[in-house]
Amino acid sequence: MSQDLRRKGLVVGVAAAGLFVGVIAGFFAAHRGMSDMSVTKSSEGVKGHEMKGMEGMASMGDMEGMPMEGAKSMRDMEPMPGMSDASSEAVVVPAVARQLIGVRSAPVALATLDEEIRTVGTVGYDERSFTQVTLKISGWVRKVFVNSIGRPVRKGEPLFTIYSPDLLATQDEYLLALKMREQLAASPLDEVKTNADALVASARERLRLWDVTDSQIEALERRGQADPVLTVYAPSSGIVMKREALPGKYVEPGTMLYEIADLSMVWISVDIYESEVAATKVGQPALITFAAYPGETFPGKVAYVYPTLNTEARTVRVRLELLNPELKLKPGMYGNVILRTKAVRALVVPKEAVLDTGLRQLVFMDRGQGRYEPASVKLGRRSQDVVEVMEGLKEGDRIVTSANFLLDAESKLASASSMQGMMGRIGMGDWQMRGAYEAKMAMGEGGVSAPPGRAGEMGSMSGMEGMKGMEEMQGVKEMSGMPGMEPGSAKAISETRKVAGHILTFTTLPETPKAGEVLLKLRVTNQSGKPVANAKVLFVYTMPMPGMTDSKATGSHSKDGPYEGKAMFGMGGTWVVTANVTIPGQPPVIEKFQFQVAGGGM
């Protein structure tokens with residue numbers, strides 16, 4: 001009888017071993033036929049074999065129907081809680097990280113845009129009232145009345161006297177012409193009278209062309225004798241900017257002796273960038289401040305926009321006009337200029353919300369729950385704090401106003417992540433090919449072994465432990481050290497805390513949480529142990545790692561029982577549950593519970 005039992009046990013063991021070997025052979029045969037799973041082999045066999053980085057990942061698409069626990073096609077995988085389905089440039093930041101880096105958002109709104117152009121200007125004199133004093137005759141300066149630079153002069157004020165032989169001879173000619181006209185006045189010939197009048201007029205005009213005034217000519221007629229020196233008067237009022245008239249100096253026609261500038265109105269020359277030319281118009285108001293007069297603002301206006309561009313600095317010169325009745329503004333002074341444009345109603349965002357990459361301007365859209373996505377915008381006019389958005393946003397959109405550079409860097413890292421890194425995030429790390437375990441995958445005494453490069457795929461064949469005869473096969477115990485084969489480190493969850501005069505007891509169902517649906521339970525009692533039934537409880541759960549979003553579950557209360565909410569843990573690993581308890585008339589209570597979830601390869 002015992003011999004029959006031994007024979008039956010042997011038959012069952014052989015059958016089980018045959019079934020296991022058949023499953024393994026079918027598994028590798030199905031994957032060997034895939035073209036993108038080709039394995040490089042050397043001429044000596046498995047030595048020198050190297051797996052390509054993502055070869056093991058490609059085989060996941062054909063694992064439908066495999067008798068392995070949890071095996072799924074990648075095409076049929078549903079989005080897991082806590083994972084983002086954003087575009088490649090989107091970034092998901094957990095709540096704790098958002099607080100650490102200081103991410104703030106604000107809505108896009110319509111506002112009055114008053115654009116300002118800030119620049120620096122230099123004070124100069126009004127060129128239209130600038131005068132140079134020169135002579136049209138040669139001679140010698142005799143006496144100088146205005147003998148210093150910076151002195152104010154009035155129009156008609158004497159400047160200096162000059163002796164000129166040419167001027168003296170012309171005066172004598174004029175006096176002689178007057179005498180001849182008087183002598184010929186009684187002549188019966190009209191032609192003689194006409195010629196005498198023409199001679200007087202010619203001599204008088206020559207004196208006038210030499211800047212001899214009418215009053216000086218009349219004085220010459222009354223005196224009847226030529227004056228050897230001629231007094232030169234100021235042609236306009238202003239400030240003496242330059243003086244070359246010195247006693248005894250010989251001058252020739254065209255010699256500059258004085259420069260006089262009227263400073264009752266001054267010009268301010270400023271340079272603006274060519275991008276600001278379109279916003280600058282003649283008559284546009286301006287405000288100017290000077291270091292010499294702190295706290296005082298001088299109003300002015302744009303008088304002229306020059307038609308040429310400085311090709312080196314890429315700027316255009318603009319001229320402002322300012323009244324200067326008290327002569328406070330001196331030529332050469334520097335002033336800070338603000339040009340104000342016409343105020344318009346426009347869609348605006350803060351300047352710090354825009355990232356300029358050189359090729360385009362970006363803002364980060366706040367999609368909620370810690371998800372941020374870059375968006376291209378077209379900008380218009382700018383003020384001191386805000387900038388106009390012409391395209392890319394609409395009123396009410398929320399955008400990030402701080403920590404943009406950190407989000408931009410995280411977005412670039414997310415878009416550059418490899419497929420292997422992505423699969424590691426979603427808990428599929430057990431499917432990676434690991435050549436270091438190839439030698440450990442020998443199955444049975446007969447030398448049945450996994451094909452080269454396929455050893456790493458055995459790590460996911462869970463669910464076959466219960467088959468009869470499996471414990472009798474050699475080599476199975478060697479798989480305990482492979483990824484995915486270790487028992488989970490999760491423990492039963494039961495925590496009790498005293499917070500703000502209340503007792504919170506947190507548990508889960510099942511008591512040892514596993515990846516998948518888990519019931520979160522929170523019992524709230526007062527100090528006397530009486531259950532609190534009128535509280536509002538919200539569970540917020542996530543994994544403390546980059547790329548994970550916060551998921552929420554509302555806790556419902558049963559009579560004298562705990563508050564319960566269903567959570568979906570997408571993978572094994574460390575999870576954090578934040579319980580938000582709101583009791584009417586009392587401050588909110590927020591407590592965090594961190595624990596391990598079994599299952600998955602994270």
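**Exercise 1.** What is the handedness of the crossing of α4 and α5, left-handed or right-handed? Work out the relative direction of α4 and α5 too.

*Solution.* Keep in mind that this is a predicted model. Start with the geometry: helix α4 (residues 165-183) packs against helix α5 (residues 190-209) at an angle of about 155°, and their axes are 9 Å apart. Angles over 145 degrees count as roughly antiparallel, and α4 and α5 are therefore roughly antiparallel to each other. The crossing of α4 and α5 is left-handed. Now look at the contact: α4 contributes residues including Leu167, Tyr174 and Leu178, while α5 offers, among them, Leu199, Val200 and Leu207. Sorted by class, this contact has 10 nonpolar, 2 polar and 5 charged residues.

**Exercise 2.** Find which residue forms a salt bridge with Glu173, and say where the two partners lie.

*Solution.* The partner is Arg206, with the closest N and O atoms 3.0 Å apart. Glu173 sits in helix α4 and Arg206 in helix α5, 33 residues apart. Next, check accessibility: Glu173 is partly exposed at 40%, and Arg206 is also partly exposed, at 37%.

**Exercise 3.** Compare the burial of the two partners in the salt bridge between Glu321 and Arg128.

*Solution.* First, the distance from N to O is 2.9 Å. Glu321 belongs to strand β18 (residues 315-323), whereas Arg128 is in the loop between β6 and β7, 193 residues apart. Buried means under 20% relative accessible area and exposed means over 50%. Glu321, at 14%, is therefore buried, and Arg128, at 57%, is exposed.

Technical notes. Residues are numbered from 1 along each chain as its sequence is written. This is a predicted model: local features need pLDDT of at least 70, side-chain atom pairs count only at pLDDT 80 or more; totals for chains, interfaces and linings use all residues. Side-chain values use heavy atoms; hydrogens and water are left out. Axes are lines fitted to C-alpha atoms, for helices over the stretch in contact, and angles run from 0 to 180 degrees between N-to-C directions. Helices (H or I, at least four residues) and strands (E, at least two) are DSSP runs, numbered from the N terminus. Angles under 35 degrees count as roughly parallel, over 145 as roughly antiparallel, 65 to 115 as roughly perpendicular and the rest as oblique. A crossing is left-handed if the near helix is turned anticlockwise from the far one by less than a right angle, and right-handed if clockwise. Contact means heavy atoms within 4.5 Å. Ala, Val, Leu, Ile, Met, Phe, Trp, Tyr, Cys and Pro count as nonpolar, Asp, Glu, Lys and Arg as charged, and the others, Gly among them, as polar. A salt bridge is a side-chain nitrogen of Lys or Arg within 4 Å of a carboxyl oxygen of Asp or Glu. Buried means under 20% relative accessible area, exposed over 50%, partly exposed in between (1.4 Å probe, protein chains only).
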